[in-house]
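Dear colleague,

Please find below the structure that I am handing over to you. My account of what was found in it follows directly after.

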Amino acid sequence: MSGRVCSAAPGADGISLRAENISFHYGAGKPVLEDFSADFACGEITALTGKNGCGKTTLARIIMGILVPDSGSVKLGKEDLAGLSLAERGARIGYVMQEPSRQLFSATTAEEIRFGLDNKVKKGLMTAEEARARAEDAMKNFELEKYRDAFPLSLSAGERQRVVLAAVMALRPSFLILDEPTSSLDKKRKSALYETLLRIKEENGCGTILITHDRAFAALAADREIVMPGGGRNV
Ligand SMILES: Nc1ncnc2c1ncn2[C@@H]1O[C@H](COP(=O)(O)OP(=O)(O)OP(=O)(O)O)[C@@H](O)[C@H]1O
Ligand SMILES: [Mg+2]
């Protein structure tokens, strides 16, 4: 799969996402990340694993631009993401938090999926017709049509996760970060998530960073694994 061209990438074909020499500490605490580097290929699912507290979620937040590293950079292909706004990063890299409910803020599923697309329309990056078509497409792909008018927070954990995934994937990101996506899913829903990730990989050529403690799911879904150092008992 490596070397595959990311059809979904906005202006960045055949790219990898690279965290380069990242160091980070919270407040007066000891460093969580020290000179950490990792490469994530497009068209591949990379499991990002490591002990509790080793900094997986912190790295995800740094990649998304929510946290600023003490040193180091995040690059998508040759593009250093430091100069981009949160929204611009979000259009390139989709992020599904461990608690997807935290990302849901709209009154209906349809509005939730339209939100990022409508922003693109406002900025003149997409026509209203294209936004409508993409939203419909996402709703169909993630089997959410019957929940179109439902209040997203009233849905089940698996459905809420699908709403966030649909909203994120509608923006056609080059990369997707999923933080502990199986933690609240039963066996059937895990299997459905696996099918979804395969589809995203095959159809969108999107690279996925799968942060997980779920060994079985990582073994099933991931093409590769990066184990982060640190964390564990003393955290
Ligand atoms: N907002 C914060 N303020 C201070 N310290 C924090 C904050 N968030 C995380 N930490 C600390 O940073 C370290 C790394 O946390 P992080 O959540 O990135 O680890 P993780 O690898 O995602 O862990 P887990 O596998 O439990 O999800 C831990 O020691 C944690 O206690
Ligand atoms: Mg975490």
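The shell around ligand 1 is made up of four nonpolar, six polar and two charged residues. Please bear in mind throughout that this is a predicted model. In total, twelve residues surround ligand 1, and the closest are Asn52, Gly53, Lys56, Thr58 and His213.

Several polar atoms of the protein approach the oxygen atoms of this ligand. In the side chain of Asn52, an N or O atom is 2.9 Å from an oxygen atom of ligand 1. The backbone takes part as well: a polar backbone atom of Gly55 is 3.0 Å from an oxygen atom of ligand 1, and for Cys54 a backbone N or O atom lies 3.3 Å from an oxygen atom of ligand 1. On its own, ligand 1 has 640 Å² of accessible area, of which the protein covers 60%.

I turn next to the salt bridges, of which the structure holds 13. As general background, side chains of opposite charge can pair when their charged atoms come close.

One of these salt bridges joins the side chains of Glu44 and Arg224, with an N to O distance of 3.1 Å. Glu44 is in the loop between β2 (33–41) and β3 (45–49), whereas Arg224 is in strand β9 (residues 224–227), so this pair ties together parts that are 180 residues apart in sequence. The two partners can also be described by their accessibility. Glu44 has a relative accessible area of 11% and is therefore buried, while Arg224, with 31%, is partly exposed.

Another salt bridge lies within a single helix. Arg114 pairs with Asp118, and their closest N and O atoms are 2.9 Å apart. Both residues belong to helix α3, where they are four residues apart, about one turn of the helix. Arg114 counts as partly exposed because its relative accessibility is 23%; Asp118 is likewise partly exposed, at 27%.

Salt bridges that share partners also join Arg18, Glu20, Asp39 and Lys75 into one network. Within this network, the side chains of Arg18 and Glu20 meet at 2.9 Å, N to O. Arg18 has a relative accessible area of 26% and is therefore partly exposed.

Two further residues deserve a separate note. The first topic is Glu159, which is placed in helix α5 (residues 157–169). What is the nearest side chain of opposite charge to Glu159, a buried residue with no salt bridge? That side chain belongs to Arg189 and is 5.1 Å away. A salt bridge requires a side-chain nitrogen of Lys or Arg within 4 Å of a carboxyl oxygen of Asp or Glu, which is why a separation of 5.1 Å does not qualify. The side chain of Glu159 does, however, have a polar contact of 2.9 Å with the side chain of Tyr147.

The other topic is Thr108, which is found in the loop between β6 (93–96) and α3 (109–122). Is Thr108 buried or exposed? With a relative accessible area of 13%, Thr108 falls under the 20% limit and is therefore buried. A polar atom of the Thr108 side chain lies 3.1 Å from the backbone nitrogen of Glu111.

When you open the model, the surroundings of ligand 1 may serve as a starting point, with Asn52 and His213 among the closest residues. The pair of Glu44 and Arg224 could then be viewed, followed by Arg114 and Asp118 in helix α3.

With kind regards

How values were computed. Residues are numbered from 1 along each chain as its sequence is written. Chains are lettered from A and ligands numbered from 1 in the order in which they are written. This is a predicted model: local features need pLDDT of at least 70, side-chain atom pairs count only at pLDDT 80 or more; totals for chains, interfaces and linings use all residues. Side-chain values use heavy atoms; hydrogens and water are left out. A residue is near a molecule or strand if one of its heavy atoms lies within 4 Å of it. A polar contact is a pair of N or O atoms within 3.5 Å; within protein, one must be able to donate a hydrogen and the other to accept it, and residues adjacent in sequence count only if both atoms are side-chain atoms. Accessible areas come from the Shrake-Rupley method with a 1.4 Å probe; for residues, only the protein chains shown count as cover. Ala, Val, Leu, Ile, Met, Phe, Trp, Tyr, Cys and Pro count as nonpolar, Asp, Glu, Lys and Arg as charged, and the others, Gly among them, as polar. Helices (H or I, at least four residues) and strands (E, at least two) are DSSP runs, numbered from the N terminus. Buried means under 20% relative accessible area, exposed over 50%, partly exposed in between (1.4 Å probe, protein chains only). Lys and Arg count as positive and Asp and Glu as negative; His and the chain ends are not counted.
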